[in-house]
Amino acid sequence: MKICSLASGSKGNCLYLETGETRLLVDAGLSLRELTTRLLTVGVAPETINAVLVTHEHLDHIRSAGSFARRYQVPVLVSYATRQAAASYLKKAPLLEFETGYAFAFRDCMVDPFPVTHDCSDPVGFLVESSEGRFGSATDLGVVTRLVRDKLQGCRALNLEANHDPEMLLNGPYPWHLKQRIKSRHGHLSNQESLELLHDLAHDGLQALVMAHLSEVNNHPDKVAETTASFLNDQNRCAPKIVIGDQYQAGPLLEL
């Protein structure tokens with residue numbers, strides 16, 4: 001299994017996942033040119049991608065999903081509701097619809113799109129399972145439900161949201177209605193909420209962790225580094241490789 005955070009933040013999100021026979025993008029929130037450049041930077045030819053998984057219709061997750069799919073003739077895997085909401089970005093792109101809450105086979109993987117809480121049509125996280133183990137991704141969620149905790153158990157690699165520091169959000173420049181939205185059940189996870197989830201998911205097989213979707217205004221990589229240091233120091237079940245997602249450059253390609 002290989003994973004790489006190609007972009008992570010409020011301006012664009014994309015993660016590369018490789019199993020034995022399958023190469024996937026989880027979201028495509030960069031421009032087509034920038035997405036292609038970042039794939040090449042980490043040694044992945046864009047034409048070898050097999051599909052784009054879409055979590056929801058916000059622009060920082062679907063910006064080039066349709067154009068990438070059209071250019072390289074690969075399917076966008078998307079729920080019906082998200083397809084409808086993102087129709088203008090997915091025109092003439094090859095599509096494969098899934099139903100949220102129901103796992104489906106794709107090449108050598110089982111893909112399980114599970115519901116999360118966010119302010120959009122049909123937001124999902126993804127569990128991708130192959131002979132090489134389980135990968136889980138949960139970003140853009142306002143609350144960690146029991147379902148989210150259950151779905152992400154036993155993963156070798158995780159991509160988890162750490163969007164904001166509560167004090168930075170409270171004292172920051174955003175208008176109050178936007179602060180309320182971010183803190184709500186349909187907003188984003190704080191660093192502390194991410195830490196609590198990590199402790200629930202820790203096991204001796206966890207080998208890689210991407211801390212994702214950091215707010216440039218309401219968070220800082222040093223704050224998230226404190227979160228992950230606390231996680232590593234407070235338990236002895238695992239010591240995963242940790243990447244803090246970056247908006248402006250691809251992270252390392254982690255091979256597990």
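The following exercises examine strands and helices in a predicted model. Residues are numbered from 1 along each chain as its sequence is written, and local features need pLDDT of at least 70. Side-chain values use heavy atoms, with hydrogens and water left out, and side-chain atom pairs count only at pLDDT 80 or more, while totals for chains, interfaces and linings use all residues.

**Exercise 1.** Determine which strands stand at the edges of the open sheet of seven strands.

*Solution.* Helices (H or I, at least four residues) and strands (E, at least two) are DSSP runs, numbered from the N terminus. Two strands pair if DSSP finds at least two bridges between them. The order is E7-E8-E9-E10-E11-E12-E13, with mixed pairing. Strand E7 (104–106) and strand E13 (241–244) each have a single partner strand, so one side of each lacks a neighbour in the sheet.

**Exercise 2.** State how strand E9 pairs with strand E10.

*Solution.* E9 (residues 124–130) and E10 (residues 133–138) run antiparallel and are joined by five bridges. Ser 130 has Gly 133 in E10 as its bridge partner.

**Exercise 3.** Describe the side chains and the partners of strand E5 (residues 76–79).

*Solution.* First, consider direction. In a regular strand, side chains alternate between the two faces of the sheet. Val 76 and Val 78 point one way from E5, and Leu 77 and Ser 79 the other way. All are buried (under 20% relative accessible area, with exposed over 50% and partly exposed in between; 1.4 Å probe, protein chains only). Next, consider pairing. Strand E4 (residues 51–53) pairs with E5 in the parallel sense over two bridges, and Val 52 stands opposite Val 76. E5 also runs parallel to strand E6 (residues 95–98), joined by four bridges, and Leu 77 stands opposite Leu 96.
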